[in-house]
Each structure stands twice: as C-alpha cells, then as structure tokens.
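The exercises below are meant to be worked through with the sequence and the model open side by side. Each task is followed by a solution that proceeds in steps.

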Amino acid sequence: MPELVLELNGQSWTLDPTRSYSLGRDPQGDFVLQDSRVSWRHATVRWGGQSWVVEDHGSTNGTYAQGQRVQQQLLGPGTVIHLGNATDGPRLSFTGGAEPYQSQQTAAMPYQSGQGAAYQSQQAPAAPYQSQQAPATPYQQQPPQIPATTPYGQPGGPPPQQPAGAPPADGGQPNNGATSLHQFAVGQVTRIGRALENELVVPDLQVSRLHAEFQAHSDGRFEIHDMGSHNGTYVNGQQLPKNGRANLGPNDTVGIGHSTFRLVGNQLQEFVDTGEVSFSARHLTVQVNNGQTTILNDVSFGVPEKSLIGVIGPSGSGKSTLLRALTGYRPATYGEVLYDHRNLYTHFAELRHRIGLVPQDDILHTALPIRQALRLAAQLRFPGDVAVAERNNRVEEVLAELKLLPHADKRISSLSGGQRKRVSVALELLTKPSLIFLDEPTSGLDPGMDRDVMQLLRGLADDGRTVLVVTHSVAELGLCDRVLVMAPGGGVAYFGAPDEALNFFGYDNWADVFSAFENYRDYDWMGRWRGSQHYQMYAADLDAVQPQAAPYQPMGVIQQKAQTWGSQVLTLMRRYAAVILADKGFLGLTVALPVILGLVSLAIPADSGLGYGPPENGLRNGDASIVLLVLVVGMCFSGAANAVRELIKERVIYERERAVGLSRSAYLMSKVFVLGIVTVLQGAILCVIGLAPREMPEEGVLFTSSPAVEMSLVIMVLGCTSMMIGLVISALVRTSEMTMPLLVMISVVQLVFTGALFQVHGTLGVEQLAWLMPSRWALAGAGTTVDLNTLTASPTEEPDPDPLWKHEAGFWLLDVTALLVLAVICGFLVMKFLRRHEPEVMRA
Ligand SMILES: Nc1ncnc2c1ncn2[C@@H]1O[C@H](COP(=O)(O)OP(=O)(O)OP(=O)(O)O)[C@@H](O)[C@H]1O
C-alpha cells in the first residue's frame, strides 16, 4: 500500500488509506481551512483502490492541479493541489512516505510523480487532528486550522478571521492576491485617478481623471477624499458624498471603478476586479402580497469565476424573479447575493457597474446604426471627463470583440435576431462587467442562431466573466458549466453539471422532465433535490450558512451619476432627435397630421372667419367657435399622440439605463424638449394653415396688432400640455396596446368640455371638471382674442358671458397660465409613474 504524506501549512500528516479526509471550512471536517475561497465542504482525499485521489465536492471556487481546475485528481508524491484559487489558494502538497510509492500514472489524469525522498513524516491518525503532536500554535487541540494565505503581507499578523461561511466583514476581496502595492510616506498626499499625472494611475474609464486623494496625516490618521469624481468613491461599499472625506482604518476598503484599495502598514494595496470573481446566491426568497405568497423559494447556488450558468424551468417557475433578485433589480425578501464575497444588495451602488444585464427586449434604439447607438450609450455610461476619442475607442474594441465591425454602420433593425443580441451584449460589455445576466437571449431564434449565441456566451465566460443565462432552449445546455433547473413554485429542482441533469431526473430528454413538472406540480421537487447526492456536492455548503435574518431594506436613492444632469439631457436629446430623424414614417405622420387637421378646419364654412359678424347681426359669428373647436381638439390630439407611446416603448431601455445612473428628471426633460419642439412646430403648421386664409379679429388682447400670433401661442401651449398628458398615459400603462383607447378617450373628453358645444360655466361640478381640461383653457384663451362672448351671444336670451372668455389681456394670461400649470402637474405625475418602470433599488 503506497504511503502518502500531506503537507499543509508547514505541517505534515501521513494519510491512512482506510479512511477518507474531508477538506473545507467546516470545523467538523478533518482539515479545516479558514480561507473564504474554500467551500464549507470543499473536497475529499481518499485511497481510491489503486491510487490516492482528491475529489472536489462542487466547490464554489474549485480545486486546482497544475493550474487547471479539476473535479478529480490522482495524487502521488510531488502533486500540488490548490484550493479556491489556482495560484494562491491554500496549497496541499503530497510526498511519498517511508514506503516507496508505486506511481500509478494514467494517461487521462497524470500526476507528477517523482521524488520519494526520505521524509520525516508523522503517522496519520484516525482523525488527523486528534493525535497531533501538540504544536506550539494557537490551534492546539483544534482541527488543523489553516491560516488564510496572509493576503495582506502583514509580517506575523494574524490572518483575518472570517466567520465561517459569512462574507468578509469588511466586504473586500480579502484573499485575492493584491494586483499592486503602492508605498506612501507619512504626511504624503497620493492622488488617484485615470490621468497620468496622478501618483496612483487607475487606467479604467469608469474612473475620473482626478478621482480621489489618499492622505497619510502626520498624526497617524489616514483619510480618503473624493475629488468630485463622476462615478463616486466608496468606503466599504457606501458612497462618499461628492467631495466628501472619510477616515480609513486597516479593515476598510475603498472602491474606485474596478479597483478596491486597502491600507496595510505603509502601503496601499490595490485589487483590480478583472472579471474573475466568484458569485453565489444563498437562501434567496422572494415573497409578494405582504409575505403571503412565495414566488422564489430558498434558492442557493454558487459558481466559480469564468462560469456559464444556464437557468431553465417551466413557465412561472420564477426564472425572471430569480434574475431580478440576482441583479439587484428586485432584491430578494430574504437571503443574499455574494459577488466576490461582497453582499450585492448592500454594495449595489458600487457594484452595479460591474453587472451587465441583457433583457429579452432590445436595449438600444433599433432605428439607429450600431456604431452610433453604442457611441451614444457610451456617452451616457462613462464619466463626463472621458474624452470622445477614448469612448469611441472602447466602442471599436467591443465591436471587434463581438465581430460586429463589418455591420457597424447598419441599422440595428436590419440585423438578424442573433446579431441583434450581439449588439445588446456589446452595449453591456462597454463598461467591462464581471457578471453578465441574459434573459432568454435565444427566444425566437432558429437552432443555428441559438448555438451561435450560446457559443458567444461560452466565449465571454472563458474570457474571464461569469455569465448567467435564463433560457427556454435546452439544445445547447451542454456548453454551460452548471445548469440550474427551477421547479414549479420557485424552488430549485437541480443544480449541477449539465450532463448529469437528465440522469438526475431519470429521463432521456428535457421534454419529459418538463412534462413531469407539469403533471406533478405538487410533488416536492425541492425536497427531492435537497435529499440528493448532487445537492451535497453542489449546494450543501452554501445552504449550511444560515439565511440572513433581516429582510432586505431598500437603501434609498443612489445619487451618483457618471454624467452631469445637463450633459445627460443633451446626450438623450441628441439620441432622441437621431431616432426621430431616422424614422421617416414618424416624421411623415408628424407633418401630415397638422396639415390635414388645418385643411379640415378650412372646410368649415365661416363667412366672417374669426372676426366679428355683420353689425345687423349684433356682431355675432357662431362659426368662429366651431373653427376654434376643431383647431383646439386637433392640437389636443396631435400633442398627445406624439407622446403617448414614447415612454412605454422605451421602458426596457429606461429601466436598464436607470440602473446604470440615468437621472429620471434628465430623461423626462429630454422628452419634453424634443417632443415640445416637434409639438410647437406642429402647432405652427396647424395655425398657419387653419388661420392664414381666415378673416382675423380686429385686434388681440395682448399682441393687439397680431391676433393670429396670440391665438397661435395658445394653440402651441395647448399642444405642449396635451403632450404632457400623452406622457402621463405612456408612463401609466403596462403595454403599448393600452395607449390608443386611452388617447381616443382623452380626446373625446377634451372635445366635450371645451365649452364650445354647451355652456360649462355656472353648472356646479361640470365647471370644476372642465378646469382640468386643457381644451377648456385653450379655447378660452383663443376666445379672449376673438371676443367669443360677443361672437356667440344669443340674440334671444339674456347674455350670460363665459368669465374665461373676456376680451381682456388678464384673461388671456390666466388661460395660458392654467395650461402651463396643468403641464407642470402632468410633469410631476410622469415622474411619479416613471418610478414604476425602474429597478426597485433605484426607487426613492
Ligand atoms: N409581483 C408579483 N406578484 C404576484 N405574483 C407574481 C409577481 N411577480 C411574479 N409573480 C408570479 O410568480 C411566478 C414566477 O414568475 P416569473 O415571471 O419569475 O416566472 P418565469 O419562470 O420567469 O416565467 P416565464 O418563463 O413564463 O417567463 C409566476 O407565477 C408569476 O405569476
């Protein structure tokens, strides 16, 4: 029987072939490794009959031999195994014992054999830690606790003690090797930023040119000072106020772009997130209806870096809910999501830039060419001080990476489904996220494109990202590292290797598995999974950690925005204008509508136009009110029609952009400005066509010599107020289809309450209701100019003039002011309703 000696942390044990040895953080295990990259029950070493072998138990961060992740590895003298990280994870080395070792090479899994040198080994005890020679270490009488691999280089300093299974208290990257070290002297100020003149240069487009300053005060205090950075400086995941300061202690981490800094002695250690991060979910539970209904039930899983995870499950099993919980869009009621050991929900403000999300719908305006759309998106996502050339270079890099360069100037709408998905992925890659989530990217694609997209995702993961894809398509699941199968009711039915999944369910194909879900909805699929060996291998260590006791508390609004408000408005306006100009159909309709409505108004016979009627008729001219009515209702309709689909059709884009820092009010203002210009132009066309051929009143009330201008102004303001009503409808509805009936209803209501069809003043209820109608105020405004009270006076009845139609400047101003007030009220309503389209964490 070959004898094998395990060396770990300077100690050695001769292994007993009659038993197996468990490795992990579990204090009940044989070898306890207090390193947070090591899973609870990470791996087992045992005699496999012919040779020694180490078996990984589906650990989150993996077991490595010769730099390669291994599931199972033969062991012999000279073999070196790392846990949790291929290079600097806790190291297990194996040597031969007193007996010569019979090396057992296999072609498939060779190990390094060799040495077999004489070795002073200790006898392996039945349980190795029980009979250790009392070592002069703090771990006396303890399992062989393996100190973390002194990540911070503190000579003689104790390893950071993490509560087993919990995220590091500091929220940092405690055990990743530092990417670089920066010395500082007491009294020195170290400037940190993207520009080369900084002492500490961070070449990351998410970082401002001069981002922050680190100060080592002579009194021993250390301070970080945000220098008005665009994307913010974070201390332990919490954003410093712009230009804010904070004292730093040795356990504090400072987040700047993709880098995390930590203070160690007289060094600043920098950890750069290059994408190779672990990701796990623990006990994620989502409840709705005040906790009455659970739609995601205690989901736990974990994956190492560079993994592609497929999430499948029957309709309604909670896949979208899971995606929203994992991305922080709708945080789980209980449980936590760990990104590189950091709680995503509490660090969302900082980590959200490291997450890419590709929803099912396009997140770019399909009327635009790819390059232009990506450039505009980059403008919104990168800090304001990133030069145009830098941004454009990044766009070209991403285009090249996703093989989109040959199509860069084609409109997105002209691309195939698979290429369109590539464009959405390209957009998300701009900011170099470490985690990418995709919601059914292959739905509606043919099998060839399905494979194409899945291979693309495989490549993205291999290049150093974690990719999670929710899919209905099972044909290419084999490309995934892990598959998560959701069961009816929102629980996990399986998590593990894709090629073991069908075997686990006992079926030959996925159709049968899904039929079983359908036919046995009440079966305890989750219990079956929890009782399985796969569960022990893949998820038990995550589940061993207690769920977070307190439900998630919304953290309030995230203030930090990459661009200033004004710059966001300008970028959005440019984009919106480009989309409108690219849409020839919309442009044609926008011009045709006021032209046709103006011409239609001319069809109304009105001998005296909008002027006074013949004196013998008492100056009456009843036709004028009909002409005004048509112009007013026409403008109401045009203004609202312009806006009514604007927000709902961009809902997915808005939600995504809001999560990466778009200002709600900037978004609304861009719509108001661009649509306002369009609406004012429409009003001008309508008035020129509708008023120019008509006889005009002798004088206006404010612009006395230009009554036509006075009336046109009212019509244009009415158009803008109606546009705001259109935006309210657009923010309110859940689907585009609902907008048309509401538009028709609003237009008819406006028509009825103008005051031209019947008298609205003086009737309690009706008069007050009419105050809410822009058409009422607009007809009144134009009515003051044409002196509608005189034109519509009844020859037989006692005069009962409408108080809002008085031929006086004050009433004209009152009518126009009322229109503007209604527009502002609508603006507030839109802001309120827009919140419903936003990720929950962004709502304030
Ligand atoms: N806010 C909510 N209130 C109540 N029930 C909800 C809510 N959101 C989702 N649900 C329910 O939770 C379940 C899971 O929904 P989810 O959209 O996550 O499923 P899914 O697996 O993504 O479905 P599909 O494959 O059809 O998209 C469904 O039954 C859905 O009706």
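**Exercise 1. Spans taken from the record**

Over residues 585-604, what percentage of the chain is helix, what percentage is strand, and how far apart are the end C-alpha atoms?

Solution. Keep in mind throughout that this is a predicted model. Begin with the annotation: the unreviewed UniProt entry gives "transmembrane region" for several stretches, among them 585-604 and 665-691. Next, take the secondary structure of residues 585-604, which is 90% helix and 0% strand, with 29 Å between the end C-alpha atoms. Finally, treat residues 665-691 in the same manner: this stretch is 100% helix and 0% strand, and its end C-alpha atoms are 36 Å apart.

**Exercise 2. Annotated domains**

Determine the helix and strand content of the span that UniProt annotates as "domain: ABC transporter", and then that of residues 190-240.

Solution. According to the unreviewed UniProt entry, the ABC transporter domain occupies residues 272-514. Across that span the chain is 33% helix and 24% strand, and the end C-alpha atoms are 42 Å apart. For "domain: FHA", the unreviewed entry lists residues 21-70 and 190-240. Residues 190-240 are 0% helix and 39% strand, with the end C-alpha atoms 18 Å apart.

**Exercise 3. The shell around the ligand**

Which element gives the most residues to the shell around the ligand, and how do the residues of the shell divide by class?

Solution. First list the residues around the ligand, which are Val288, Thr293, Ile295, Gly313, Ser315, Gly316, Ser317, Gly318, Lys319, Ser320 and Thr321. Then assign them to elements: strand E24 (293-303) and helix H1 (319-327) are those that give two or more residues to this shell. H1 gives the most, with three residues. Lastly, sort by class, which yields two nonpolar, eight polar and one charged residue.

**Exercise 4. Helix H3 against helix H12**

Describe how H3 and H12 are oriented to each other, and name the residues that form their contact.

Solution. Helix H3 (residues 370-381) packs against helix H12 (residues 565-582) at an angle of about 165 degrees, and their axes are 9 Å apart. Because angles over 145 degrees count as roughly antiparallel, H3 and H12 are placed in that class. H3 passes H12 in a left-handed crossing. On the side of H3 the contact is made by Gln372, Leu376, Gln379 and Leu380, and on the side of H12 by Gln568, Thr571, Arg574, Arg575 and Ala578. These residues divide into three nonpolar, four polar and two charged.

**Exercise 5. Two further helix pairs**

Work out the orientation and the handedness of crossing for H17 with H18, and then for H21 with H23.

Solution. For helix H17 (residues 664-691) and helix H18 (residues 707-732), the axes come within 8 Å and cross at roughly 140 degrees. H17 and H18 are therefore oblique to each other, and H17 passes H18 in a right-handed crossing. The residues that meet include Gly676, Thr679 and Gly683 in H17 and Ser712, Met716 and Gly719 in H18. By class, this contact has 13 nonpolar, six polar and one charged residues.

For helix H21 (residues 774-786) and helix H23 (residues 809-834), the axes come within 8 Å and cross at roughly 160 degrees. That makes H21 roughly antiparallel to H23, and H21 passes H23 in a left-handed crossing. Among the residues in contact are Trp777, Ala778 and Gly781 of H21, together with Trp812, Asp815 and Leu819 of H23. The contact of H21 with H23 divides into 10 nonpolar, three polar and one charged.

Key
Residues numbered from 1 in each chain as written. Predicted model: local features only at pLDDT ≥ 70, side-chain atom pairs only at ≥ 80, totals over all residues. Axes fitted to C-alpha atoms, helices over the stretch in contact; angles between N-to-C directions. Helix = DSSP H or I, 4+ residues; strand = E, 2+ residues; numbered from the N terminus. Parallel < 35°, antiparallel > 145°, perpendicular 65-115°, else oblique. Left-handed = near helix turned anticlockwise from the far one by under 90°. Contact = placed C-beta atoms within 7 Å. Nonpolar A, V, L, I, M, F, W, Y, C, P; charged D, E, K, R; others polar. UniProt positions renumbered as here; feature names shortened; annotations may be inferred. Near = placed C-beta within 6 Å.
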